[in-house]
Amino acid sequence: MRKILFTLFSFLPLFSLAGGFQINTQGEKANGMGGSATGIGKDASSVYFNPGSLSLQEKSCIMGGFNFVSPRASFLSPINGNVDAEKVNFTPFYLYGFYKINRFTIGLGVNNPYGMGSSWGDDWEGKYIIQEIKLNTFYIQPTVSYKITDRIGVGAGFVYATGHAFVRKAVPVTGVSTPYGEAELDGNGHGFGFNAGLFFKLSEQATAGLSYRSRVKLNVKDGDATFSGIPSSLSSEFPASAGFNTEINLPSTLSVGLAYQFNDKLMVALDFNLTGWAVYDSLNFEFPDHPDLDSRSGRNYKNAIAARLGGQYKITKKLDFRAGIAFDESPVRDGYLSPELPDANKSILTFGAGYQITESLSADLSFMLENFAERKDVNYETNFSGKYKSTVTVFGIGVNYVF
Amino acid sequence: MYKLRIIVSISILFAVNSCTPSFDDPRYNTGTADFTSYVALGNSFTAGFADAALYVEGQENAYPAMLARQFMMVGNSGEFHTPLLDAANAIGGVNPSASTDPLQTTTKFILGYATGCDGVTTLTPVPYGPPNTQNNSYLQNIFASMGPFNNLGVPGIKSFHLDNPDVALLSPTNKNYNPFYARMASDPQFSTILGDAQLVNPTFFTLWIGSNDVLGYATSGGISPVSAGMNWVDISPIDTFKLALTNAVNKLLATGAKGAVGNIPDITDIPFFTSIPYNGLNLTRQGQVDTLNNLYASLGIIFHLGQNAYVVADSFAPGGVRQIQAAELILLTIPQEEIRCNGMGSTTPIPDKYWLDQDEMDLIRNITIAFNNHISSLVNNYPDKLALVNFNAYFNNLTAGIIFNGVTYTPEFISGGAFSLDGIHPNQRGYALIANQYIAVINATFGSTIPQVDVNKFPGIVFP
């Protein structure tokens with residue numbers, strides 16, 4: 001990896017972590033290590049990363065935390081020079097817990113695995129494409145894990161997902177006192193999925209894991225579209241309010257991970273993820289009462305891979321230090337890049353630290369810096385062209401309680 | 001604990017220092033051209049004429065003014081003078097050609113509701129105000145107070161008016177008089193447009209002339225009785241056109257300036273000619289069909305319910321009337337009231353001046369090609385000094401739609417967003433697209449990196 005910058009935060013929940021708008025900051029320990037958690041299986045974030053490992057962990061555990069995510073994007077326009085996106089910050093959170101009952105373990109996780117947000121200002125040159133967009137998701141996952149042998153664990157969880165999407169853009173109609181109109185789309189959706197994992201204790205030092213988080217289709221029904229600033233002669237084309245339906249296709253992720261404990265101080269982990277973004281083919285809006293407003297827009301995402309490498313070093317009996325690097329491929333093809341989500345391949349650098357406060361209670365901090373490659377594109381549908389550059393910094397804090 | 005403190009403070013430092021990955025400010029370069037002083041020559045398209053009038057807002061955002069603002073990023077001095085109409089005339093605008101008397105003007109069009117003779121109310125271009133019969137202050141010459149001018153676009157001129165001092169001469173026998181030039185001429189009756197171009201010591205020019213040499217004929221429905229002539233309704237003789245263009249280019253290049261030269265669009269790409277469908281005669285009652293069938297029985301013209309081709313006056317057709325063909329064109333000047341209530345196009349044929357037949361269209365097309373060939377050959381003589389802006393191709397591309405930053409522009413009348421309410425002249429967004437055409441060609445020819453204009457930020461068609 002080119003970047004040697006070690007960031008303490010490895011959590012980036014809302015702003016396209018594993019490419020696209022996936023957020024891969026689902027646990028501070030994992031975050032500190034570049035997100036390479038599939039094969040480690042040592043804390044409750046495994047509810048998300050690999051449910052198979054829950055039954056092989058020694059103690060029951062509750063873990064919670066949140067991350068402070070700061071995406072920063074800039075756009076170089078052939079018309080106006082540099083344009084900075086407005087500064088928006090996000091605070092996704094997570095809460096995991098599992099309870100051991102003999103060979104079984106039951107667990108529960110709630111987190112925000114997908115999200116994004118961009119705000120470029122009301123009057124910028126791309127206002128007819130996007131002014132503001134926000135997507136939040138909330139997953140709740142009851143989980144069961146079974147210890148097949150002392151070395152193999154399997155687990156699965158059922159996922160119920162809800163999401164909230166908000167889009168605001170300008171409408172190119174000019175009135176006597178209004179240079180352009182405004183459209184706002186606001187909708188809630190829900191969907192289902194599952195999360196399964198297998199965990200292997202290969203030896204005293206080596207562990208490995210395989211996990212699969214299924215795709216989730218968020219169905220948005222009866223979203224609220226409002227049009228304002230529309231000249232009265234065009235009010236039949238753009239009603240003050242209309243209901244809309246849409247579908248947001250969240251992809252599956254297949255992960256394989258390995259962890260190796262070199263000595264009692266150093267542990268290193270390696271992870272690969274394949275995210276099935278090809279399901280996000282187009283973004284369509286249907287207006288049952290105003291079919292003239294229906295729209296279809298190609299997205300044409302491709303499946304994307306990520307590779308993660310992390311390490312944990314025990315500095316003292318109570319203090320762990322973590323660091324990691326990751327490379328995350330963008331699912332957005334050339335010709336489809338858009339200011340709503342100025343995605344690019346990214347290099348990620350993480351730092352983390354864990355402190356054992358008492359025998360049962362520990363706290364973790366993580367810091368992640370994501371650096372997006374500079375990317376130039378002309379969008380096929382809107383003919384919007386320019387260069388994009390983004391970075392995201394994430395600061396996370398979490399606590400862990402074992403019992 | 002000490003190490004934890006370091007880690008925490010570094011992390012806070014990073015989190016607080018959420019610096020934005022901004023790009024460096026781009027540097028624009030001027031290439032082999034010099035944009036210090038810019039002069040624009042042309043007709044109404046260059047003056048910023050729109051919505052059937054010349055008015056202040058249109059002048060302030062004429063494409064030469066847009067270009068001048070962009071040129072400021074590559075060395076233009078920032079001095080760009082337009083012969084602006086004053087506030088009194090800014091109420092609507094001026095269009096002296098709307099009547100035969102230059103002292104009587106009309107106002108610009110806006111989009112509004114009008115109830116026709118048939119009682120149907122539609123959203124349609126309506127005059128912004130009453131005709132300006134009182135205030136002729138616009139005729140006063142303003143050269144002394146506001147000149148010399150960088151925008152020398154004069155609505156209504158043909159190629160041979162560029163170097164003709166008669167253009168500012170008001171006399172009952174002078175058919176070359178043009179009040180738009182008379183009011184800005186440096187020395188009325190002695191100065192010429194080409195001569196006035198030199199007064200700003202130009203280092204760069206744009207020249208877009210010749211459309212009226214063929215459009216005068218086209219917009220008057222091809223009524224000219226001669227094959228070529230010097231009146232507004234005539235097509236300019238080809239030799240006159242060639243001489244005028246060559247003369248203009250030579251005189252402008254002699255100042256040492258480099259320039260961009262525009263050519264002539266095809267009329268089939270302009271909504272003034274294509275908005276009225278050839279078969280707009282909609283018969284809804286059988287009785288109407290029967291009456292027309294009887295009226296034209298001897299000519300064998302048959303009507304039916306639904307859409308029918310209009311009946312037009314054609315002196316070469318048997319009986320002097322026939323149905324218009326699908327490829328032929330009806331002009332936007334056709335009086336809608338006559339069509340809706342007085343049987344024009346059905347019981348009475350559409351007069352010659354409101355439509356163009358296949359022969360007239362062929363003549364226009366061939367002349368346009370010939371004129372454009374001459375413009376191309378002129379530009380080819382000076383490849384390092386002149387750039388050709390192929391507006392013929394540009395307006396053709398516009399028919400397929402041009403998308404600019406998420407907004408689609410087409411030539412469709414009113415809904416397309418690129419033409420103004422007279423159907424011939426672009427609106428400000430259309431002019432911005434034209435400015436970007438100039439910029440693209442100038443950059444390609446002279447190696448400059450002038451940035452484009454944001455088309456979408458100009459006003460489009462304003463809806464009530």
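This is a short tour of a predicted model, with stops in chain A, at its contact with chain B, and inside chain B.

**Stop 1: chain A on its own**

Hide everything but chain A and colour by secondary structure. You should find two helices and 22 strands. The radius of gyration is 22 Å, close to the 22 Å that the globule rule gives for 403 residues, so chain A is as compact as a globular protein of that length. Turn it around and you'll see that the C-alpha trace spans about 75 × 40 × 35 Å along its principal axes.

How much of chain A is buried? Of its 403 residues, 52% count as buried. If you draw the contacts between residues at least 6 apart in sequence, 69% of them join residues at least 24 apart.

**Stop 2: Pro113(A)**

Now select Pro113(A) and zoom in. You are in the loop between strand S4 (104–111) and strand S5 (115–119) of chain A. Is Pro113(A) buried or exposed? It is buried, because 28 other C-beta atoms lie within 10 Å, and the cut-off for buried is 20 or more. Next, add Thr137(A) to the selection. Thr137(A) is 24 residues away from Pro113(A) along the chain, yet their C-alpha atoms are separated by 6.7 Å.

**Stop 3: where chain A touches chain B**

Bring chain B back and pick out the residues in contact. You'll get 43 residues from chain A and 31 residues from chain B. On the chain A side, have a look at S1 (61–77), S2 (81–84), S8 (174–175), S19 (346–356), S20 (361–372) and S22 (385–402), each of which supplies at least two residues. Which strand gives the most? That would be S22(A), with six residues. Colour the chain A side by residue class and it divides into 23 nonpolar, 15 polar and five charged.

**Stop 4: two helices in chain B**

Last, hide chain A and select helices H4 (residues 63–71) and H15 (residues 428–446) of chain B. They pack with their axes 9 Å apart, at an angle of about 50 degrees. H4(B) and H15(B) are therefore oblique to each other, and their crossing is right-handed.

Show the side chains where the helices meet. From H4(B) come Tyr63(B), Met66(B), Leu67(B) and Gln70(B). Facing them in H15(B) are Tyr431(B), Ala432(B), Ile434(B), Ala435(B), Tyr438(B) and Ile439(B). By class, that contact has nine nonpolar residues, one polar and no charged ones.

Terms used
Residues are numbered from 1 along each chain as its sequence is written. Chains are lettered from A and ligands numbered from 1 in the order in which they are written. This is a predicted model: local features need pLDDT of at least 70, side-chain atom pairs count only at pLDDT 80 or more; totals for chains, interfaces and linings use all residues. Axes are lines fitted to C-alpha atoms, for helices over the stretch in contact, and angles run from 0 to 180 degrees between N-to-C directions. Helices (H or I, at least four residues) and strands (E, at least two) are DSSP runs, numbered from the N terminus. Angles under 35 degrees count as roughly parallel, over 145 as roughly antiparallel, 65 to 115 as roughly perpendicular and the rest as oblique. A crossing is left-handed if the near helix is turned anticlockwise from the far one by less than a right angle, and right-handed if clockwise. Two residues are in contact if their C-beta atoms, placed from the backbone, lie within 7 Å. Ala, Val, Leu, Ile, Met, Phe, Trp, Tyr, Cys and Pro count as nonpolar, Asp, Glu, Lys and Arg as charged, and the others, Gly among them, as polar. The radius of gyration is taken over C-alpha atoms; the globule rule is 2.2 Å times the number of residues to the power 0.38. A residue is buried if 20 or more other C-beta atoms lie within 10 Å of its own, exposed if 12 or fewer, and partly exposed in between; C-beta atoms are placed from the backbone.
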